[in-house]
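Subject: Structure handover

Hello,

Here is the structure we talked about. Please open it alongside this message, and the findings follow below.

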Amino acid sequence: MITTEPAVLVLEDGSRYEGLAYGAAGERLGELVFTTGMTGYQETLTDPSYAGQIVIQTAPHIGNTGVNATDMESNRYWVEGYVVRDPSRVVSNWRAEGDLEAALREQGVVGIAEVDTRALTRRVRSEGAMRAGIFSGEAYEADADAQLARVRQQPSMAGQYLSDQVTTDEAYLSPHTNEGEAVGTVALLDLGIKLATIRNLNIAGFDVHVLPADVTAQQVRDLGVDALFYSNGPGDPEANQAQVDLLAELLRDGLPFMGICFGNQLLGRALGFGTYKLPFGHRGINQPVLDTETNKVEITAQNHGFAVDLPIGETVESPAGFGRVEVSHVGLNDQVVEGIRCLDIPAFSVQFHPEAASGPHDAAALFIRFRDLVLGTTTSTTAN
């Protein structure tokens with residue numbers, strides 16, 4: 001049951017948005033971002049890439065399909081806070097196993113409803129993602145200046161290392177689910193993995209070793225895997241130097257590689273290129289991307305606040321000595337690098353989410369491209 005208790009969203013620029021408490025009561029601080037998906041709110045809430053962030057849903061009506069165990073992308077909700085305009089008062093879907101507001105309360109997610117999310121999104125678009133806080137319950141009663149001070153005291157997302165908060169505690173194996181023998185084994189570095197990624201790799205014929213973020217190169221070698229995969233995840237890629245060094249070392253071993261989202265940024269850095277923070281990032285399931293090889297436009301799911309600094313439309317040499325590199329995908333909204341293709345080593349990555357649990361699935365074939373890359377490399381290695 002949605003409460004009538006007051007809540008307030010406070011931005012670091014001093015803006016205040018009054019609303020009603022939604023979910024758990026209390027105080028939550030984080031980077032304020034928005035997602036443009038019209039569906040898939042449960043996938044958003046359970047995506048580890050949203051760790052450290054307060055998420056605005058630009059879709060006005062949230063919660064009408066309820067929640068269920070099947071659509072969980074991890075074992076918990078990761079958002080720091082949740083901002084919606086019109087929460088549904090009833091659940092109406094045959095797959096529903098519970099109510100969203102109750103799930104938010106159970107998961108300890110502090111939210112706010114009845115907020116003008118259109119005006120709030122426009123502010124983030126014009127001013128950029130910023131630090132914010134939601135205050136409800138006893139926290140709502142605090143002095144406005146004290147609330148603003150709490151918001152401004154928190155660190156910005158730039159420079160934050162969050163992989164240790166979202167990675168798996170222990171390594172585990174997820175076996176392939178296709179018919180017949182596995183086509184290969186993959187070491188997957190869990191930097192905030194979504195379950196749909198593992199599922200798609202299993203369907204493509206891979207036995208997947210899911211590994212914690214602090215794994216060493218020798219531990220990967222000891223597994224005897226055929227390929228390496230870096231997942232999505234939260235934080236600033238510049239803070240993940242250990243994972244960049246690990247990737248560079250294994251690329252020099254000749255291990256085939258695919259990365260998505262955060263993995264794309266870490267590949268860029270391993271190749272010797274820089275990364276930078278976007279003004280407000282790309283988050284949603286309606287982001288148009290051009291595949292420069294096929295000249296085909298794909299609608300993609302995205303969730304990232306950083307991007308790789310790499311020239312578009314030309315082939316360049318990797319500053320780290322990995323040969324020729326080119327941009328494989330370009331974001332059509334703002335010409336941001338959305339993919340990297342290495343021409344002299346078996347490695348590629350994309351900034352978007354080909355697993356796209358809540359859709360769209362235009363880019364799902366990238367898992368098959370990865371399979372073909374691994375099989376081609378394996379064949380070549382055997383032949384030599």
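Contact here means heavy atoms within 4.5 Å. One more point before the findings: this is a predicted model.

**I62 and the barrel**

Start with I62, which is found in strand β5 (residues 61-62). Which residues does I62 touch, leaving aside its neighbours within four places in sequence? The contacts are Y22, Y41, Q57, Y82, V84, D86, P87, S88 and L100. Is I62 buried or exposed? Buried means under 20% relative accessible area. I62 has 2% relative accessibility, so it counts as buried. For a sense of scale, take A204, which is 142 residues away from I62 along the chain. The C-alpha atoms of this pair are separated by 34 Å.

Next, the barrel. It is closed and has 7 strands, in the order β1-β2-β8-β6-β4-β3-β9. The pairing is mixed. From one strand to the next, the twist averages 35 degrees. Helix α2 (residues 100-107) packs on the sheet and touches β2 (16-23) and β6. The direction of α2 makes about 90 degrees with that of β2.

Strands β6 (residues 81-83) and β8 (residues 110-113) run parallel. They are joined by 3 bridges. In one of these pairings, G81 has V110 of β8 as its bridge partner.

**A covered strand: β11**

Strand β11 covers residues 184-189, and 6 of its 6 residues are buried. In a regular strand the side chains alternate between the two faces of the sheet. In β11, G184, V186 and L188 point one way. T185, A187 and L189 point the other way. Both sets are buried.

The partner is strand β12 (residues 206-211), which runs parallel to β11. There are 6 bridges between the two. L189 is bridged to L211 in β12.

L189 also turns up in the next section, among the contacts of L246.

**Helices α8 and α9**

L246 is found in helix α8. At 5% relative accessibility, L246 counts as buried. Leaving aside its neighbours within four places in sequence, L246 is in contact with L189, V215, T216, A217 and Y230. Q218 lies 28 residues from L246 along the chain, and their C-alpha atoms are separated by 9.6 Å.

Helix α8 spans residues 241-252. The axes of α8 and α9 come within 9 Å. They cross at roughly 70 degrees. The two helices are therefore roughly perpendicular to each other. The crossing is right-handed.

Which residues make this contact? From α8 come Q243, V244, L247, A248 and L251. From α9 come L266, L267, R269 and A270. By type, the contact residues divide into 7 nonpolar, 1 polar and 1 charged.

Why is α9 described as largely enclosed by the rest of the structure? The helix covers residues 262-270, and 9 of the 9 are buried, so the description follows. R269 and Q265 are among the buried residues. So are N264 and F262.

**Positive phi values**

Most residues other than glycine have a negative phi, and most peptide bonds are trans. A few places here have a positive phi.

- C261 is not a glycine, yet its phi is positive, about 55 degrees. It sits in the loop between β14 (257-260) and α9. C261 is buried, with a relative accessible area of 1%.
- G272 follows α9 and has a positive phi, near 105 degrees.
- Q335 is a residue other than glycine, with a positive phi near 60 degrees. Q335 lies in the loop between β18 (324-331) and β19 (337-342). At 49% relative accessibility, Q335 counts as partly exposed.
- N295 has a positive phi of about 60 degrees, in the turn of the hairpin described next.

**The β15-β16 hairpin**

β15 and β16 form a hairpin with 4 residues between them. Strand β15 covers residues 274-291, and 12 bridges join it to β16. The two strands run antiparallel. P288 stands opposite I299 in β16. How many of the residues in β16 (residues 296-309) are buried? The count is 10 of 14, and the strand is mostly covered.

Best wishes

Terms used:
Residues are numbered from 1 along each chain as its sequence is written. This is a predicted model: local features need pLDDT of at least 70, side-chain atom pairs count only at pLDDT 80 or more; totals for chains, interfaces and linings use all residues. Side-chain values use heavy atoms; hydrogens and water are left out. Buried means under 20% relative accessible area, exposed over 50%, partly exposed in between (1.4 Å probe, protein chains only). Two strands pair if DSSP finds at least two bridges between them. Axes are lines fitted to C-alpha atoms, for helices over the stretch in contact, and angles run from 0 to 180 degrees between N-to-C directions. Angles under 35 degrees count as roughly parallel, over 145 as roughly antiparallel, 65 to 115 as roughly perpendicular and the rest as oblique. A crossing is left-handed if the near helix is turned anticlockwise from the far one by less than a right angle, and right-handed if clockwise. Ala, Val, Leu, Ile, Met, Phe, Trp, Tyr, Cys and Pro count as nonpolar, Asp, Glu, Lys and Arg as charged, and the others, Gly among them, as polar.
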